[in-house]
Amino acid sequence: MARGAGAVALLSFLLGQQILSVLVAGEDPYRFFTWNVTYGFIYPLGVKQQGILINGQFPGPQIEAVTNDNLVVNVFNSLNEPFLLSWNGIQQRRNSFEDGVAGTTCPIPPGANFTYNLQAKDQIGTYFYFPSLAFHKAAGGFGGIRVLSRPRIPVPFPPPAADYTALIGDWYKANHTDLRYMLDSGKTLGFPDGLLINGRGWNGYTFTVQPGQTYRFRITNVGLSTSLNFRIQGHTMKLVEVEGSHTVQSTYSSLDVHLGQSYSVLVTANQPGFDYSIVVSTRFTSKIISTAAVLHYTNSAGKAPGPMPGGPTTQIDWSLNQARTIRWNLTASGPRPNPQGSYHYGQVNTTRTIRLANSAATINGKQRYAVNRVSHVNPDTPLKLADYYKIPGVFSVGTISGSPASGGAYLQTSVMGADYRGYVEVVFENSENEVQSWHIDGYAFWVVGMNGGQWSPASRQIYNLRDGVSRYTVQVYPNAWTAIYMPLDNVGMWNVRAENWARQYLGQQFYLRVWTPSTSWRDEFPIPKNALLCGRAAGRRTRPL
């Protein structure tokens with residue numbers, strides 16, 4: 001080799017090494033978790049039952065992360081049936097393969113493991129994980145996720161003295177296998193047996209506070225069937241964050257938390273030194289049940305005098321009016337330093353309106369639930385894998401209409417097509433007499449309106465096009481509608497589902513296929529190298545390790 005050519009080759013090598021080191025050094029941090037999923041006996045309502053534990057814990061371990069962190073979660077399935085975890089609110093940017101629901105990811109077989117590679121890309125806030133298959137959620141396996149802002153990004157409130165998670169939810173004393181059998185037999189679950197706070201029953205969990213200090217409480221409804229109200233005896237709550245959005249800091253004496261929703265509030269320990277009740281009770285139910293945890297002052301003289309605080313019960317207007325007060329903080333930073341309000345969502349023209357009507361139905365003599373007449377049935381192969389490998393016969397795009405239709409409900413694998421970079425208006429229409437709670441994987445969306453009665457184009461006149469909150473789960477009140485705006489900026493196969501877990505299990509869900517003809521990694525990542533392959537995708541290759 002000539003000396004000049006050798007010098008050029010050496011320089012190229014050194015430059016290559018320098019670029020490599022910059023790429024490695026500049027990569028976002030990694031956090032590693034190893035989880036073993038097992039059965040274990042739990043007694044949340046004083047009755048022995050089989051729970052699902054993660055590393056022996058019920059609820060499961062808390063995930064702590066910072067914006068853009070990579071989360072590597074190695075899950076060992078020590079159950080006797082297939083298992084999957086999903087990550088409520090983590091958007092899986094360009095990577096629906098990792099979403100962990102039946103339509104995207106093969107289950108982890110008994111005795112096997114799978115490593116999820118997630119990223120909290122451009123996200124902050126309060127989220128949770130849960131088991132997505134086989135009604136496992138009724139046995140536990142869920143836990144909280146906190147995504148903190150990066151150190152140099154301003155947060156619109158002082159650092160709290162502590163950051164507490166409050167996982168609230170209804171609970172059944174029956175094992176999940178018995179509940180699943182009831183649903184498979186065409187029956188309904190009936191009313192829950194009780195309520196839990198962080199997996200504990202009445203006064204079974206304590207939050208300790210120092211007098212004069214302010215604390216952050218991240219409240220998430222991880223239950224199966226019931227909207228809940230959260231309140232603290234003798235204290236008010238300042239709302240600061242909803243599902244990844246900083247909010248206008250309004251003060252509340254109690255807060256409605258619907259299924260799958262998350263809220264962050266600040267609570268100041270500014271009362272005399274006692275033990276105060278943190279009360280959770282059901283909403284919109286014929287029978288009201290409640291539970292309590294303890295807010296323990298370090299200088300406590302015992303139980304606080306006076307009755308436990310009462311809360312709203314069946315009042316829908318009260319909840320609707322409260323929901324309208326939850327607004328986006330336009331001047332606060334989100335995951336990036338620029339103000340949240342710098343994106344003027346209300347000034348963007350929508351490209352499509354999708355109307356979704358939920359319904360209850362009897363199909364083949366069994367209870368089912370549907371969206372626009374279609375009661376979803378999971379196929380033998382995850383939809384995302386069938387799409388990636390172009391496997392025919394698994395699903396067809398367009399099997400669910402983009403608007404309600406008359407006629408009876410029917411069983412079908414339900415996939416709606418949508419174009420990448422569209423900007424859609426979605427209207428959830430609820431003609432039933434119970435509250436609905438809807439979640440969309442892969443996205444956050446702006447809640448622009450909700451009201452009673454039937455939606456029509458004239459309903460847009462009351463839309464909030466300035467500071468509607470951006471979130472990932474929204475309620476729809478009985479005989480009412482809720483409208484959202486959503487930019488389709490995340491390619492993939494995304495689950496749109498009811499957060500009422502029996503309704504989801506019995507068909508009130510579908511998949512939104514956000515598609516582009518591009519095969520660039522800038523638009524969508526390739527299939528993970530370690531992806532599990534099942535059904536008609538079994539035996540195929542992912543890509544070289």
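# Two open sheets, pockets and cavities

Strand 32 (residues 492-498) and strand 33 (residues 509-515) run antiparallel to each other and are joined by 6 bridges. Here, strands are DSSP runs of E with at least two residues, helices are DSSP runs of H or I with at least four, both numbered from the N terminus, and two strands pair if DSSP finds at least two bridges between them. This is a predicted model, in which local features need pLDDT of at least 70 and side-chain atom pairs count only at pLDDT 80 or more, while totals for chains, interfaces and linings use all residues. Residues are numbered from 1 along each chain as its sequence is written, and side-chain values use heavy atoms, leaving out hydrogens and water.

**The chain as a whole**

- The chain contains 33 strands and 5 helices.
- For 545 residues, a compact globule would have a radius of gyration near 24 Å, and the chain agrees, because its own value is 24 Å. That radius is taken over C-alpha atoms, and the globule rule is 2.2 Å times the number of residues to the power 0.38.
- If you lay the C-alpha trace along its principal axes, it spans about 90 × 60 × 55 Å.
- Of the 545 residues, 56% are buried, that is, under 20% relative accessible area with a 1.4 Å probe and protein chains only (exposed is over 50%, partly exposed in between).

**The five-strand sheet**

- Strands 32 and 33 belong to an open sheet of 5 strands in the order 25-33-32-27-30, with mixed pairing. At its edges are strand 25 (415-419) and strand 30 (473-476), each of which pairs on one side only.
- To find your way along the pairing of strands 32 and 33, look at G492, whose bridge partner in strand 33 is V514.
- Strand 27 meets strand 32 in the antiparallel sense over 3 bridges, and W438 has A498 in strand 32 as its bridge partner.
- Strand 27 is also antiparallel to strand 30, to which 4 bridges join it. In that pairing, Q436 stands opposite V476 of strand 30.
- Strand 27 is largely enclosed by the rest of the structure, because 5 of its 5 residues are buried. Q436, W438 and I440 are buried on one side, and S437 and H439 are buried on the other, so both faces are covered.
- In a regular strand, side chains alternate between the two faces of the sheet.

**The four-strand sheet**

- Another open sheet has 4 strands in the order 3-8-7-5, again with mixed pairing. Its edge strands, strand 3 (63-66) and strand 5 (85-88), each pair on one side only.
- Strand 7 (residues 125-131) and strand 8 (residues 143-148) are antiparallel and share 5 bridges. Y127 has I145 as its bridge partner in strand 8.

**Pockets**

- The largest pocket holds about 1600 Å³ of space. Its lining counts 50 residues, with Q91, R93, K121, D122 and Q123 closest to the centre.
- Strand 4 (70-77), strand 6 (113-119) and strand 28 (445-452) each give at least two residues to the lining of the largest pocket. By class, this lining has 21 nonpolar, 15 polar and 14 charged residues.
- The second largest pocket has a volume of about 560 Å³. It is lined by 31 residues, and G190, S225, T226, E434 and N500 lie nearest its centre.
- At least two lining residues of the second largest pocket come from each of strand 22 (366-371), strand 27 (436-440) and helix 5 (501-505).
- On a 1 Å grid over the protein atoms alone, a pocket is an open set of points with protein on both sides within 12 Å along at least five of seven lines, a cavity is a set where a 1.4 Å probe fits but cannot get out, and lining residues have an atom within 4 Å of a point. Points are joined across faces, edges and corners, and a volume is the space filled by probe spheres set on them.

**Cavities**

- The structure holds 4 cavities of 30 Å³ or more.
- The largest cavity has a volume of about 80 Å³. Its lining has 13 residues, of which F142, G169, D170, W171 and V222 lie nearest the centre.
- Strand 9 (residues 163-171) gives the most to the lining of the largest cavity, with 5 residues.
- The second largest cavity has a volume of about 60 Å³. F97, T104, T105, C106, F114, L385, P528, A531 and L532 line this cavity.
- By class, the lining of the second largest cavity has 7 nonpolar, 2 polar and no charged residues. Ala, Val, Leu, Ile, Met, Phe, Trp, Tyr, Cys and Pro count as nonpolar, Asp, Glu, Lys and Arg as charged, and the others, Gly among them, as polar.
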